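Got the viewer open? Let's take a short walk through this one, one selection at a time.

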Amino acid sequence: MTARSVAQPANAHRRPVDRAALAGRALEAFAAWILAVLWVSPLLYALWAAFHPTAYAVTFDLAAPLTLENFRAAWDAAPFARYFLNTFVLVTMILAAQFVLCTLAAFAFARTRFLGSDLLFALVLVQLMVMPDILMVENYRTMRELGLVDTTLAIGLPYMASAFGIFLLRQAFKQVPRELEEAATVEGCGTWRLLTRVYVPLARPTYLAYGLTSVSYHWNNFLWPLVITNTVETRPLTVGLSIFAAVDQGIDWSIISAATLMSSGPLLIAFLLFQRQFMQSFMRAGIR
Amino acid sequence: MPRLRPATRTTLVAWLLLSPALVLLALFTHYPAIATVWRSFHSTPRGARPAVFVGLENYEAMVADPIFWTSLANTGIYAAATVPLSMALALAMALLVNAAIPGRGLARLAFFTPTVLPMIAVANLWLFFFTPGYGLIDRATSALFGWGPTNWIGDPQTALGAMIAIAIWKEAGFFMIFYLAALQAIPPTLYDAARVEGASRWTTFRRVTLPLLGPTSLFILVNAVINGFRLVDHIIVMTRGGPDNATQLLLTYIYEVGFRFWDTATASALTVVLLVMLGLLALIQFAALERRTHYR
């Protein structure tokens, strides 16, 4: 069907014009477009409301004047600068820890069969099903006993040893040819140099894929940060935004839209700039 | 230092490499899962009163609690609606943007955008869409069908449906890319063969495309079901489980009982129910994978 139409356009020209097929294709394009507009409509609305005066939030007039006033009002109404900093620190900390911990663990699983390796790997995979947010009641208790409630570390800690990351990197490391490893060993590479000079560089696309999924996940994560934080100094953007919108009780859609765009802005812009890498990364991360 | 046998050395190095990750996993996944079960048989410690063993009391109270049953039923409805609808839409989207239509790059982008937007941010936007009277959805329904204002998220009849719609909107584009990857991996020769046989487009889809998407569908299914249990951010900010618990799911109820009422014993019993459901899901997935390997 689709592959045929792409592969052999010449053939299609020679055949008499098949009106039904042509109409079908036009219908498909139309359906795709309707669906696409439907899908971005919340974002389009946010763009409209955020860049126009409040008076135009619910009336759509192409002649409406543009303004940045809503962004200024939102910025002044809540400590967004602090929230940005918190989220940035959080996401960086989690990513760095995940890269180190998952690399070490994945290396052990990929390269060696040792006593208990199958059982341990199964125990790691449990986290794919039972994610930390499901166990929030008990994890909150643990954090309280560790004296970590309301710290950035407490938001990140349950996610640092990521089963998903270990799984992905193990797959990538398994693809490294044994000959390369043998050659490196002959040259006198120890285990550490083998890991940092051979395995890690060869798995670079997997690191990119995992990094992008991890950053988007933790930039957007809400429930666990909501539970474990209670001051401006630790709250990430998502929690800050929810408090901001709850206080305003949906009175001023323009300012809420501006705040919404602001807090998803960096990730959204990164996504628009590197959309191919993003989609390929999510795809790569999903195929096990 | 005595020289170790190579096998012993390998095992030691492996354990050393694994230990940081394993410690954290044990601390925040394995231990809390077991502790939750333990805690569910004890009372909630309050002030100077420590927790005492109460046997099945928490479970008896849970079974007698109508909100528990409402949340369980809602979780079932939520998953049963979100999973198949988002998967079907994902497949439709993938087929549409895999075809040679004009502007398919933009369409693909549009479908995928909800994946990178925070659920909390989009909840605010959807709140506006669902506003009775001047919200975009009411304006559309009044223009198209002449309906009056509907309080979509304030009415127990429609609130859960509204939450499901948002979840589908969020998920479909994410699942689309897996279908897209699978579609692009199908060898074109198969379609050539189908064409030579004179198969119609529908037959080709049903007999060639669909069976080859089986493993991808299983993968998406498992992820969709897990998300069906835990995609609750928008519910917590938009309805807080209301009105009248119409959008109360198991996880939102755990949050409410655990962190609004601070009744950790009951929250633990509720969490055990969720853990059992996830365990069953793991078993089903395992069985499905087993069967697939037997076929090969």
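Keep in mind that this is a predicted model. Start by selecting A:Leu157 and showing what surrounds it. Leaving out residues up to four places away in sequence, A:Leu157 touches B:Leu24 and B:Phe28. Zoom out a little, and you'll see that A:Leu157 sits in helix 8 of chain A, which covers residues 152-160.

Is A:Leu157 buried or exposed? Count the other C-beta atoms within 10 Å of A:Leu157: there are 23, and 20 or more makes a residue buried, so A:Leu157 is buried.

Now add A:Pro132 to your selection. The C-alpha atoms of A:Pro132 and A:Leu157 are 9.9 Å apart, and 25 residues separate the two in sequence.

Next, colour the two chains and look at where they meet. Here 80 residues of chain A are in contact with 83 residues of chain B. On the chain A side, select helix 3, residues 19-50: with 13 residues, this helix gives the most to the side that touches chain B. Colour that side of chain A by residue type and you get 58 nonpolar, 17 polar and 5 charged residues.

Ready for the largest nonpolar core? It has 165 residues, and those touching the most other members are A:Ala105, A:Ile166, B:Ala90, B:Phe175, B:Met176, B:Tyr179 and B:Leu270. Select helix 7 of chain B, residues 156-184, to show the element that gives the most to this core, with 19 residues.

Last stop: B:Leu270. Setting aside neighbours within four places in sequence, B:Leu270 is in contact with B:Met62, B:Phe68, B:Leu250, B:Tyr253, B:Ile254 and B:Val257.

Methods: Residues numbered from 1 in each chain as written. Chains lettered and ligands numbered in written order. Predicted model: local features only at pLDDT ≥ 70, side-chain atom pairs only at ≥ 80, totals over all residues. Contact = placed C-beta atoms within 7 Å. Helix = DSSP H or I, 4+ residues; strand = E, 2+ residues; numbered from the N terminus. Nonpolar A, V, L, I, M, F, W, Y, C, P; charged D, E, K, R; others polar. Buried ≥ 20, exposed ≤ 12 C-beta atoms within 10 Å, placed from the backbone. Core = buried A, V, L, I, M, F, W, Y, C linked by C-beta atoms within 7 Å.
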